[in-house]
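I set out to record how the chains of this assembly meet. The entries below follow the order in which I looked things up.

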Number of protein chains: 4
Amino acid sequence: MTPKIGFLGLGTMGAPMAINLLNAGYALNVWNRSAEAAQPLAEQGATVTSTPAQAAQDADILISMLADDHAVEDVMLTQGALEALKPGALHINMATISIALAEQLTAQHQTAQVGYIAAPVLGRVDVATAGQLNIFAAGAPQLLAQAQPLFDILGQTTWHFGDTPAQANAVKLGANFMIASAINTMGEASALTQGYGIDKKAFIDLITSTLFAAPVYKGYGQAIAEDRFEPPGFKLALGHKDVRLALEAAEQARVPMPQASLLKDNGLDALAHGDGTLDWAALATVAYRRAGQR
Amino acid sequence: MTPKIGFLGLGTMGAPMAINLLNAGYALNVWNRSAEAAQPLAEQGATVTSTPAQAAQDADILISMLADDHAVEDVMLTQGALEALKPGALHINMATISIALAEQLTAQHQTAQVGYIAAPVLGRVDVATAGQLNIFAAGAPQLLAQAQPLFDILGQTTWHFGDTPAQANAVKLGANFMIASAINTMGEASALTQGYGIDKKAFIDLITSTLFAAPVYKGYGQAIAEDRFEPPGFKLALGHKDVRLALEAAEQARVPMPQASLLKDNGLDALAHGDGTLDWAALATVAYRRAGQR
Amino acid sequence: MTPKIGFLGLGTMGAPMAINLLNAGYALNVWNRSAEAAQPLAEQGATVTSTPAQAAQDADILISMLADDHAVEDVMLTQGALEALKPGALHINMATISIALAEQLTAQHQTAQVGYIAAPVLGRVDVATAGQLNIFAAGAPQLLAQAQPLFDILGQTTWHFGDTPAQANAVKLGANFMIASAINTMGEASALTQGYGIDKKAFIDLITSTLFAAPVYKGYGQAIAEDRFEPPGFKLALGHKDVRLALEAAEQARVPMPQASLLKDNGLDALAHGDGTLDWAALATVAYRRAGQR
Amino acid sequence: MTPKIGFLGLGTMGAPMAINLLNAGYALNVWNRSAEAAQPLAEQGATVTSTPAQAAQDADILISMLADDHAVEDVMLTQGALEALKPGALHINMATISIALAEQLTAQHQTAQVGYIAAPVLGRVDVATAGQLNIFAAGAPQLLAQAQPLFDILGQTTWHFGDTPAQANAVKLGANFMIASAINTMGEASALTQGYGIDKKAFIDLITSTLFAAPVYKGYGQAIAEDRFEPPGFKLALGHKDVRLALEAAEQARVPMPQASLLKDNGLDALAHGDGTLDWAALATVAYRRAGQR
């Protein structure tokens, strides 16, 4: 018998993911903070609930795809979605959250006798729509096995990182730190070459056509090359938050991360200059400003 | 009429490059510090000279592929290769050298009425052997045009970066800084995830299969994942030297590069712990040591 | 009529401060987590209460001198000391706490119609005993005026930093950041000079006898010169915590503090190597370890 | 018999030092790049020479107090002062120079059979005038003993740092690094507290009256507190150069100095914004600019 699914969070990522599950034949109770975002789902057969607890109460499996720690705490704890889950249900938390919250939720779900796994994803909207996400999963093996049919619909590959949900969150924070590092590296390198009269587009074209021909460098590099930071694909302020979460995770594990610290300081420099709502690629411009190049 | 070529420096990169020119039908006078390295070239028809000046004196075009600033100064100035060049000849310097030396050589060649362009390359031995290097070229347009038939043999793509030779050296230093940054980023990210019990091989496989699926990350990442730093493909001490050259270039252009500074400090940490002769990938282990993970 | 004083926290700093108030003729209700520490106060005439709320309930002025954010939250909120205070009472919080908690407490005291000022101090045990502390005070002017007679007993100088309690906490965090910076600076400078065979004692004697003849440099410098990190005067782990609080405060105010970030990373390096319980001066040894000097 | 003294370099520091030697009864041959600066010395009985070699040729002891590496190389080597010294003479180099040049000069003096010691100083013009400098001396013990009567006139204390002249230069670079670090620390700390609405003058007054009541903090702190960076006491560009020399020395000794790297990057930020001719204290303003506070 197919499990009954609750789905919390129908933002730019959550909505196409929920649609893919509907299309695969699952019955979904969906909830979103603003009701309008749920409308398209309703048209495709989802049942829209007015509270997260209602979406959770009948679910065999609850998927949440919420914005950040604050949203997860609010929805799961304050608004009672965790409390509404029946014993034996499974909650798959796909958000990028802090290690501290991951560990807290793990303990709280255990107390509630509800299964809990973390499954943050890599990929933007188009990848989510195509069901081609990369999913980082961690938690008890039997729970991961239970979730796998859903992951097969949502993503191209599921990567397992251990029995403790927080491990998948650590991987996600590590990956996002690496993105910030790539952006900042392009910023410093193009500040250097600009110092010798080289157009940054020429430099970035070279780099991203050869050694650094990877999606991250091509995507953010293009924006940097063209000084095109609006509309934001992913806001600098959100990227900055993820660097902070990586540093908090490093603090807890006693891992010095000086490069992450540098990225945080540059992120603050960008925020202090009003660039928080630009695309994350704008982090590169801190290097230009410090060199007096803008 | 095909130009007569002098070729100085038959190391791991220079030798296959010279062979490719021979195979394309050029006559070559070749010289190398240690004579044995010239022997295979002689067998393929090159004329081996006993001094760099002898290789330079008849050349229409002199190509030098030497190890570093010191070698270039020694061969071109102390040993008299520049002085031996006839007026109107062209010197193509393909080494990774400092901006300061590039500017000095530009002036000295001008005084000697010898053309001078810089053309450092991207690619390791196998790429050089296949004639598939990426060549960064800068200098007077007519000199670049004169060199292009040779570049077409040596490389897959020639990237032009301006009329001043030092510009190509700046690009090369920018690129090498980016490599160091990628290595260090993988080091910190895997130190973080190791702090949560995640095997670094699993983390690096994920990263290099998805967002960071680029040659630099795959190559160095594999070495990091497997703690395999010997034999060195490119020694850490040499990579450290290039980071220092990037910082010197940044100093001259008044460009703060805190990430490069961090890479230099980590390079010193590695050197102080005896890791200079390991592969550059070993730079990643500084993060582990600082975290008490080794 | 002299105000009735409640005093929470009789640690190494709190105990001599409370005694000074007793000696000045004030009636004190005192409380400490472990009862033994209250015994000497009882012998000098203080009334020992068994809960913080009991010490607070009769107080015109409540002074708290607790270890950290956690202790303040526990004592004031969980154990109900704030709730026990009568409307119109004044709470003087002399602990080094985070900006976030300072702002939360300010709001909570306002709701409770209880006055609240922050008054962290500079000075160690001997200074506290001598009633010679430097007190950084912030809060409403009339509340500061009300507290001044007590400050005159506890300290040599009261420095006013504004109407908002958190301002005094910001000053304290700024001062502690400067201490960490001085320690780390001595570490790097002596690593450099050790690299040239100079005994660090000779270097530090010079420095602290001339340009840097200040208490911080003399005190920590002596410990560094002699590699004497036990017993700890102030534990490295606590200093590290204060650097983190400074960075959190900087984050909130959007102030990049790369030097503080560096101090935090070095602090983590020290913690990862088991040095958290040593004196804060041991932060200097991170530089030696990185240079392979120990 | 009193030795005959040659004295090269009559700048703001050299002139009062030479006058003190004259006043003590020594016969001096003096030389300065611009002749006008020598005039006051002539009026007090010194013999002014038209070349550095002339000042050196009769000297038993040659003292040089030149601006930087470049001036030392020019005067001692290019203009032949070293060559002019008679075998058995002693050269006391009191400039702040690089380790590399110190080592080169040590070897060249040995070849020339001329004694060589390094004796950089701490103290500004007024201290030099009062004969109260702190002198850091290194070199062969008998040479140091020979110089001591002169040091007793020039300074209040002579600190010995070993048999190798470069050791005294390392100490001087370490000290100057510490000054830069103090300035930058005050910059970041006042940026933090300014972020909470605290006047930087109030903060710096507090700090320099208590824990950091040392000459460096009081002097530079006053300038920072008042945003008074002109006229420069010691130019930021010169301080930046000394930080670079410290980093070069650290590179040679394989000592990571991340705090020095940070100071160098901030120095470049200041230079890129046109602040090189301001007082070194202006280094503190980099923190304000990055925080959007100016």
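Entry 1, chain B against chain D. I counted the contacts first: 17 residues of chain B touch 17 residues of chain D. The model is a predicted one, and I read every value below as computed from it. The two chains bury about 1,400 Å² between them, and 54% of that area lies on carbon and sulfur atoms. On the chain B side I looked up which residues lose the most area to chain D; these are B:Glu251, B:Arg254 and B:Leu268, which together make up 41% of what that side buries.

Entry 2, polar and charged pairs with chain D. I found two salt bridges across the interface of chain B and chain D. In a salt bridge that I looked up, the side chain of B:Arg244 meets that of D:Glu251, at 3.1 Å from N to O. I also noted eight residue pairs in polar contact across this interface, with both residues at pLDDT 80 or more. Helix 12 and helix 13 of chain B each supply at least two residues of the side that touches chain D. Helix 13 gives the most, with eight residues. Sorted by class, this side of chain B has nine nonpolar, two polar and six charged residues.

Entry 3, symmetry of chain B and chain D. I superposed the copies: a turn of 180° with a shift of 0.0 Å along the axis lays chain B on chain D, with an RMSD of 0.0 Å. Which residue of chain B comes closest to this rotation axis? I found B:Ser261, with its C-alpha at 2.9 Å. The copies meet through the same surface, because 100% of the interface residues of chain B are also interface residues in chain D.

Entry 4, chain B against chain A. I turned to the other partner and counted 60 residues of chain B in contact with 60 residues of chain A. About 5,000 Å² is buried between chain B and chain A, 76% of it on carbon and sulfur atoms. In chain B, the residues that lose the most area to chain A are B:Met178, B:Tyr196 and B:Leu211, together 16% of what that side buries. I looked for salt bridges between chain B and chain A, and the count is zero. The interface does hold 17 residue pairs in polar contact, both residues being at pLDDT 80 or more.

Entry 5, elements on the chain A side of chain B. Several elements of chain B each supply at least two residues to the side that touches chain A, among them helix 6 (99-111), strand 8 (133-137) and helix 10 (200-209). The largest share of this side, 18 residues, comes from helix 9 of chain B. I classed the residues of this side as 41 nonpolar, 14 polar and five charged.

Entry 6, symmetry of chain B and chain A. A rotation of 180° with 0.0 Å of shift along its axis superposes chain B on chain A, at an RMSD of 0.0 Å. The two copies are therefore related as by a two-fold rotation axis. B:Ala214 is the residue of chain B that comes closest to this axis, its C-alpha at 2.3 Å. I checked the contact residues as well: 100% of those of chain B recur in chain A, and the same surface serves both copies.

Entry 7, a record for chain A. I consulted UniProt, where an unreviewed entry lists residues 167-285 of chain A as "domain: 3-hydroxyisobutyrate dehydrogenase-like NAD-binding". Over residues 167-285, chain A is 70% helix and 0% strand. I noted that the end C-alpha atoms of this stretch are 33 Å apart.

Notes: Residues numbered from 1 in each chain as written. Chains lettered and ligands numbered in written order. Heavy atoms only, no water. Contact = heavy atoms within 4.5 Å. Buried area = accessible area lost by both parts, 1.4 Å probe. Salt bridge = Lys/Arg side-chain N within 4 Å of Asp/Glu carboxyl O. Polar contact = N/O pair within 3.5 Å; in protein donor to acceptor, adjacent residues only side chain to side chain. Helix = DSSP H or I, 4+ residues; strand = E, 2+ residues; numbered from the N terminus. Nonpolar A, V, L, I, M, F, W, Y, C, P; charged D, E, K, R; others polar. Least-squares fit on C-alpha atoms with pLDDT ≥ 70 in both. UniProt positions renumbered as here; feature names shortened; annotations may be inferred.
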